[in-house]
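The exercises below are meant to be worked through with the sequence and the coordinates open side by side. Each task is followed by a solution that proceeds step by step.

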Amino acid sequence: MLSYALLRRGNQEERNTIMTYKITNDCIQCGACEAECPEGAISMVGDTYVIDAAKCQDCGSCMDVCPNDAITKL
Ligand code: SF4
Ligand code: SF4
């Protein structure tokens, strides 16, 4: 039981560090979010924009500026 409790706590901590914003397939690659992000967390990788979870500070600016509602909060 103790190990189960520790496992659950570990999973909760893991959830807390998971990226909360994601760019979906609705992205039309306008670049607005990259320009808006104050942390430089958004960049093009290959032919899609991605959010670097390590840099993202959860400000929500990218969601606000996206013209195609292509950024979702998980
Ligand atoms: S939520 Fe803010 S910090 Fe995170 S990717 Fe979007 S604009 Fe950047
Ligand atoms: S603002 Fe929206 S449509 Fe434009 S590049 Fe970012 S995610 Fe894609």
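## Exercise 1: From one cysteine to the core

Once neighbours within four places in sequence are set aside, cysteine 37 is in contact with Ile42, Ser61 and Cys62. The task is to find which residues form the largest nonpolar core.

Solution. The model is a predicted one, and the steps below should be read with that in mind. Begin with the contacts of cysteine 37, which include Ile42 and Cys62. Next, look up the membership of the largest nonpolar core, which has 10 residues: Tyr21, Cys33, Cys37, Ala41, Ile42, Tyr49, Ile51, Cys62, Cys66 and Ile71. Cys37, Ile42 and Cys62 are among these core residues, whereas Ser61 is a contact of cysteine 37 that does not appear in the core list. As a general tendency, nonpolar side chains in soluble globular proteins are buried together. For the chain as a whole, 14% of the 74 residues count as buried.

## Exercise 2: The order of elements and the confidence along them

Task: establish in what order the elements of the chain run from the N terminus, and which of them has the lowest mean pLDDT.

Solution. The first step is to count the elements, which are three helices and four strands. Read from the N terminus on, they follow the order α-β-α-β-β-α-β. The second step is to bring in the confidence: the chain averages a pLDDT of 85, and 74% of the residues score at least 70. Among the elements, helix H1 (residues 2-16) has the lowest mean pLDDT, at 49, while helix H2 (residues 32-36) has the highest, at 98. Where pLDDT is low, predicted coordinates should not be read in detail.

## Exercise 3: The hairpin of S2 and S3

Task: work out how many bridges join strand S2 to S3, and which residues make up the covered face of S3.

Solution. Strand S2 (residues 42-45) and S3 run antiparallel and are joined by four bridges. At one point of this pairing isoleucine 42 stands opposite isoleucine 51 in S3, and at another valine 45 has threonine 48 as its bridge partner. Two residues lie between the strands of the hairpin, where glycine 46 takes a positive phi near 70 degrees. Turning to the faces, Tyr49 and Ile51 form the covered face of S3, and Thr48 and Val50 the uncovered one. This agrees with the rule that side chains in a regular strand alternate between the two faces of the sheet. Tyr49 and Ile51 also belong to the largest nonpolar core.

## Exercise 4: The surroundings of the two ligands

Task: compare the classes of residue in the shell around ligand 1 with those in the shell around ligand 2.

Solution. Around ligand 1 there are 14 residues, the closest being Cys37, Cys56, Cys59, Ser61 and Cys62, and the shell divides into eight nonpolar, three polar and three charged residues. Around ligand 2 there are also 14 residues, with Cys27, Cys30, Ala32, Cys33 and Cys66 as the closest; this shell has 11 nonpolar, three polar and no charged residues.

## Exercise 5: Loop residues

Task: decide whether aspartate 58, aspartate 69 and proline 67 are buried or exposed.

Solution. The cut-off needed here is that a residue is exposed if 12 or fewer other C-beta atoms lie within 10 Å of its own. Aspartate 58, in the loop between strand S3 (48-51) and helix H3 (61-65), has 10 such atoms and is therefore exposed; its phi is positive, about 65 degrees, although it is not a glycine. Aspartate 69, in the loop between H3 and strand S4 (71-73), is exposed because it too has 10 other C-beta atoms within 10 Å, and its phi is also positive, about 50 degrees. Proline 67, which is found in the loop between H3 and S4, is exposed with 9. Proline 67 is nonetheless in contact with Cys30 and Ala32, leaving aside neighbours within four places in sequence; its C-alpha atom and that of cysteine 30, 37 residues apart along the chain, are separated by 8.5 Å.

Key. Residues are numbered from 1 along each chain as its sequence is written. Chains are lettered from A and ligands numbered from 1 in the order in which they are written. This is a predicted model: local features need pLDDT of at least 70, side-chain atom pairs count only at pLDDT 80 or more; totals for chains, interfaces and linings use all residues. A residue is near a molecule or strand if its C-beta atom, placed from the backbone, lies within 6 Å of it. Ala, Val, Leu, Ile, Met, Phe, Trp, Tyr, Cys and Pro count as nonpolar, Asp, Glu, Lys and Arg as charged, and the others, Gly among them, as polar. pLDDT is the predictor's confidence in each residue, from 0 to 100. A residue is buried if 20 or more other C-beta atoms lie within 10 Å of its own, exposed if 12 or fewer, and partly exposed in between; C-beta atoms are placed from the backbone. A nonpolar core is a set of buried Ala, Val, Leu, Ile, Met, Phe, Trp, Tyr and Cys residues joined through C-beta atoms within 7 Å. Two residues are in contact if their C-beta atoms, placed from the backbone, lie within 7 Å. Two strands pair if DSSP finds at least two bridges between them.
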